[in-house]
Amino acid sequence: MKRSIVVFAAFVLGAGAAHADTLGTITANWQGEEQTWFVTAKDGESQSSHDDSAKVIDSFTLWGNPQETDLAATKNAISLRFYVMRGPKGKEARGTDFYYLLSGFSDKWEAGEEDTEVKLELFDKTDTAVHVRGTFEASPKREGETTEIDGVFDVTFPLD
């Protein structure tokens, strides 16, 4: 009986994950190999976020899952964070950081603002969604080593 409950629970969880909505993608060259990560949500839940409560700043967390069915992967996932504000040449990304999670935040590659650059190609905010697209470069560190990553992101967040 216990086995059938475990099998049923695994089936339900697996079936639910297959219906995640894909908000966008992050594609990058990570350690010599091009990979794509998926920014996903389900029933309004996501590790990724957009916040515009400050009204003059839009904050973004792009959580890239290695599989399109993942909602909150902690292995081989990436996180790119930045905020967008008006600069002298239009909308600019500031306050950037990058993480590559090998096993959650306990084993990760990490790059702070001084080692992460985000360039916006598109920032389009309507009454129903905010679409952000751009490029990024980072030099994350882990245990005294440094590596390089560069990539592109294209994500649309629905607005409530």
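**Reading strands, burial, salt bridges and a pocket**

Modeller: The bridge partner of E137 is D150, which lies in β12. This is a predicted model, in which local features need pLDDT of at least 70 and side-chain atom pairs count only at pLDDT 80 or more, whereas totals for chains, interfaces and linings use all residues. Residues are numbered from 1 along each chain as its sequence is written, and side-chain values use heavy atoms, with hydrogens and water left out.

Colleague: Which strands pair over 10 bridges, and in which sense?

Modeller: Strands are DSSP runs (E, at least two residues; helices are H or I, at least four), numbered from the N terminus. Two strands pair if DSSP finds at least two bridges between them. Here β9 (residues 129-138) and β12 (residues 149-158) are joined by 10 bridges in the antiparallel sense. One of the bridge partners is F153 in β12, set against G134.

Colleague: How many bridges join β1 and β12?

Modeller: There are 7 bridges between β1 and β12, again antiparallel. In this pairing N29 stands opposite D150 of β12.

Colleague: In what order do the strands of the open sheet run?

Modeller: The sheet has 5 strands in the order β2-β1-β12-β9-β8, with antiparallel pairing. Its edge strands are β2 (33-41) and β8, each of which pairs on one side only. On average, neighbouring strands in this sheet are turned by 15° against each other, direction ignored. For such angles, axes are lines fitted to C-alpha atoms (for helices over the stretch in contact), and the angle between N-to-C directions runs from 0 to 180 degrees.

Colleague: Which side chains of β12 are buried, and which are not?

Modeller: Burial is read from relative accessible area: under 20% is buried, over 50% is exposed, and partly exposed is in between (1.4 Å probe, protein chains only). The side chains of β12 alternate. I149, G151, F153, V155 and F157 point to one face and are buried, while D150, V152, D154, T156 and P158 point to the other and are not.

Colleague: Why does V152 count as partly exposed?

Modeller: Because its relative accessibility is 42%, V152 counts as partly exposed. Contact means heavy atoms within 4.5 Å. Apart from neighbours within four places in sequence, V152 is in contact with T25, I26, T27, G134, T135 and F136. The C-alpha atoms of V152 and N29 are separated by 9.5 Å, with the two positions 123 residues apart along the chain.

Colleague: Is T61 buried or exposed?

Modeller: T61 has 17% relative accessibility, so it counts as buried. T61 is found in strand β4 (residues 58-64). Not counting residues up to four places away in sequence, T61 touches Q47, S48, S49, S79, L80, R81 and F157.

Colleague: How many salt bridges does a search of the whole structure find?

Modeller: A salt bridge requires a side-chain nitrogen of Lys or Arg within 4 Å of a carboxyl oxygen of Asp or Glu. The search finds 10 salt bridges. One of them joins K125 and D58 at 2.8 Å, N to O. That pair links distant parts of the chain, 67 residues apart, with K125 in strand β8 (residues 116-125) and D58 in strand β4. D58 counts as buried at 3% relative accessibility, whereas K125 is partly exposed at 34%. D52, D58 and K125 are linked in a network of salt bridges.

Colleague: What is the N to O distance between E110 and K108?

Modeller: The E110 and K108 side chains meet at 3.8 Å. E110 is partly exposed at 37%, and K108 is partly exposed at 23%. In the salt bridge of E117 with K119, the closest N and O atoms are 3.9 Å apart.

Colleague: How many residues line the largest pocket, and which lie nearest its centre?

Modeller: Rolling a probe the size of a water molecule over the atoms shows where empty space is left. On a 1 Å grid over the protein atoms alone, a pocket is an open set of points with protein on both sides within 12 Å along at least five of seven lines, unlike a cavity, where a 1.4 Å probe fits but cannot get out; lining residues have an atom within 4 Å of a point. Here 16 residues line the largest pocket, and L23, G44, F157, P158 and D160 lie nearest its centre. β1 (21-30), β3 (49-51) and β12 each supply at least two residues of that lining. The largest pocket holds about 350 Å³ of space, where a volume is the space filled by probe spheres set on grid points joined across faces, edges and corners.
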